[in-house]
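These are my notebook entries on one chain. I went from the whole chain to helices, then to single residues and backbone angles.

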Amino acid sequence: MSTPPLKRWDTAIVLGIVLLWLAATAWMRPLMHPDEGRYATVAWEMLRSGDWLTPTLDGMPFFHKPPLFYWITAAALWLLGPIEIAARTASLLGASLGAIALYAFTRRWCGLLLARRSLLVLLVLPMYFAAAQFANLDMLVAGCITATILALADAALCFEQGCSYRRMLWLAYALAGLGLLAKGLIGFVIPAMVIGLWVLLRWRWRTLWALVSVPGLMLLLAITAPWFIAMQQRFDGFLHYFFVVQHFQRFAATGFNNVQPWWFYPAVLALCSFPAVLWLRRMLTRDYFTTTDTPGAVRLLMGLSVGCVLLFFSIPQSKLLGYILPALPALAWLIADASYLAVETTARKQRWVITLAVSALVGLIAVIGLSIDTRHSSKPLGVALRAHYQAGQSVYMLKDYLYAVPFYARLRQPVFDVDDWNDPEIARRDTWRKEIADAGSFAPALAKRLLLFPQALPAALCHGGVAWVVGAEDAIKDYPFLAQAQVITTNNRQVVWRVDPAQHTQFVALGCPRGSLAGHGSAQ
């Protein structure tokens with residue numbers, strides 16, 4: 001079934017409005033530590049190196065996640081420059097994809113009024129609004145998952161009504177491929193779980209068989225397989241690390257970050273959707289999910305979309321807020337539908353308008369508040385370093401990798417990471433140390449050069465000329481020579497020092513042999 005031109009123009013206009021709303025405040029905040037700085041810097045490294053196949057973190061292969069986010073972000077950085085809104089482009093596109101998919105699907109099967117209402121609810125949900133402007137992979141994969149589910153559902157309903165459905169089905173497989181490239185197997189697993197249960201609970205066995213498409217699978221593989229094959233050819237053990245370690249072991253293990261109880265996600269979903277979520281109580285007063293007409297089938301689909309996402313991500317002990325973003329479009333639809341079915345008295349209309357206004361205001365306040373509070377950003381350090389840094393000089397980070405510093409400093413070479421790399425705790429805890437160590441395992445020669453032990457720092461500085469050291473204020477206790485180094489800037493108890501071993505007082509403090517200073521003068 002082809003889309004009439006009027007509807008195509010309407011969808012394009014709605015998409016433009018969605019992008020404008022979500023991007024209006026995306027430029028305001030500095031990149032937050034650690035997630036935004038990490039993913040923006042990986043994309044920056046991809047752009048500066050010219051290697052668009054291998055994501056790197058501090059110059060070493062970084063395979064925690066697949067490359068779609070980095071490709072989009074690197075392209076945006078190339079087009080717009082290394083600015084915050086470019087770093088958030090992939091999230092903005094993912095949020096817009098999820099929103100426009102919800103609007104188009106609802107308009108086709110439930111009517112224009114419910115489509116507009118559900119879209120409006122989604123855009124003002126504080127969690128969706130804020131996550132659309134947060135540079136990490138969760139919103140991108142959430143948009144792909146939402147669009148995949150709705151494309152599959154559209155194909156299923158078309159099949160059941162005798163309409164042409166194969167093009168939409170192939171689109172669903174392509175979207176699943178993009179979801180897999182966005183964050184891994186969940187881009188395919190969650191849509192398959194939701195649609196499979198939806199079809200089975202409605203006893204539509206022929207529909208289930210119709211959704212299995214060999215051309216669709218070939219399209220999915222054509223989108224995803226080349227990158228995975230290329231990485232396995234370049235790096236032995238990549239497939240085991242990516243699928244076994246980063247998927248199955250991470251899902252089942254307890255050593256990763258943010259361990260929370262089973263009820264964490266339902267509580268977060270209710271809190272981050274307040275006050276709009278209160279309208280869902282109207283679903284409890286009617287036979288809401290059991291009607292057999294098309295609206296009833298869509299209600300069941302949306303309920304399963306919320307339930308499956310909550311159940312799937314509540315199983316592992318490690319729980320992060322962004323994991324439940326795929327549930328928000330369906331939740332917004334349910335809220336909109338419940339309010340749409342309510343008796344439209346004047347008082348209820350007023351309460352509905354107030355609900356939307358409060359939700360929008362909460363999201364705006366959260367974004368503006370984070371723009372004012374820079375405690376979670378290392379931007380001042382990176383900007384100060386960029387103002388003084390000269391090409392060829394070395395940068396050392398002490399006991400912490402401040403991800404955003406290379407991005408804001410526009411560094412074109414990896415930094416040296418100084419820590420106790422023999423600490424067994426590195427393998428047990430999901431921290432920056434484990435990320436760097438895992439990356440180094442795929443480039444051992446580079447890791448040997450960049451990953452320094454604390455006792456090796458003085459000698460490295462002695463032989464390196466003017467250098468820059470980034471670390472906590474109390475690092476002076478471990479490295480007394482920093483007391484005589486020039487402090488460039490301080491932010492959130494982190495300091496950028498300029499170290500010049502050619503200066504006499506530092507020469508004594510560092511204990512450098514005089515011969516090592518030959519040819520190393522001040523860069524001033």
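**Whole chain**

I began with burial: 55% of the 524 residues in the protein chain are buried, where buried means under 20% relative accessible area, exposed over 50%, and partly exposed in between (1.4 Å probe, protein chains only). The model is predicted, so I kept local features to pLDDT of at least 70 and side-chain atom pairs to pLDDT 80 or more, while totals for chains, interfaces and linings use all residues. Residues are numbered from 1 along each chain as its sequence is written, and side-chain values use heavy atoms, with hydrogens and water left out.

I looked up the secondary structure and found 24 helices and 8 strands in the protein chain. Helices (H or I, at least four residues) and strands (E, at least two) are DSSP runs, numbered from the N terminus.

For overall size I compared the radius of gyration with the globule rule. A compact globule of 524 residues would have a value near 24 Å, and the protein chain has 26 Å, which agrees. The radius is taken over C-alpha atoms, and the rule is 2.2 Å times the number of residues to the power 0.38. Along the principal axes, the C-alpha atoms fill a box of roughly 85 × 50 × 45 Å.

I then checked the range of contacts (heavy atoms within 4.5 Å). Of the contacts between residues at least 6 apart in sequence, 76% join residues at least 24 apart.

The accessible surface comes to about 22,700 Å², and 66% of this belongs to carbon and sulfur atoms. The areas come from the Shrake-Rupley method with a 1.4 Å probe; for residues, only the protein chains shown count as cover.

I also located the charges. The mean positions of the 43 positive and 29 negative charges are 9 Å apart. Lys and Arg count as positive and Asp and Glu as negative, without His and the chain ends; the places used are NZ of Lys, CZ of Arg, CG of Asp and CD of Glu.

**Three helices**

I tested helix lengths against an expected span of 1.5 Å times one less than the number of residues.

Helix α5 (residues 89–110) has 22 residues and should span 32 Å; its end C-alpha atoms are 31 Å apart, which agrees. I noted that α5 is mostly covered, with 17 of its 22 residues buried. Gly111 follows α5 and has a positive phi near 105°.

Helix α6 (residues 112–124) has 13 residues and an expected span of 18 Å; the distance between its end C-alpha atoms is 19 Å, which agrees. Its buried residues include Leu114, Arg117, Ser118, Leu122 and Val124.

Helix α9 (residues 166–183) has 18 residues, and both the expected span and the end-to-end C-alpha distance are 26 Å. Among the buried residues of α9 are Leu169, Tyr173, Gly177, Leu181 and Lys183. Gly184, just after α9, takes a positive phi of about 115°.

**Two residues**

I looked up Tyr70, which lies in helix α3 (residues 68–80). Tyr70 counts as buried because its relative accessibility is 0%. Leaving aside neighbours within four places in sequence, Tyr70 is in contact with Tyr39, Val42, Ala43, Met46, Pro55, Phe62 and Lys65. The C-alpha atoms of Tyr70 and Leu53, 17 residues apart along the chain, are separated by 9.7 Å.

Gln260 sits in the loop between α13 (238–252) and α14 (264–272). I class Gln260 as partly exposed because its relative accessible area is 26%. Outside its neighbours within four places in sequence, Gln260 touches Gln317 and Lys319, by the contact rule. The C-alpha atom of Gln260 is 8.9 Å from that of Pro316, 56 residues apart along the chain.

**Backbone angles**

Which residues are joined by cis peptide bonds? I found one between His33 and Pro34, with omega about 5°, and one between Phe274 and Pro275, with omega about 10°. Pro34 is in the loop between α1 (5–23) and α2 (35–49). Pro275 is in the loop between α14 and α15 (294–314).

I also checked positive phi in residues other than glycine. Asp58 has a phi of about 55° and is found in the loop between β1 (56–57) and β2 (60–61). With a relative accessible area of 1%, Asp58 is buried. Arg493 has a phi near 65° and lies in the loop between β7 (486–491) and β8 (494–499). Is Arg493 buried or exposed? At 64% relative accessibility, Arg493 counts as exposed.
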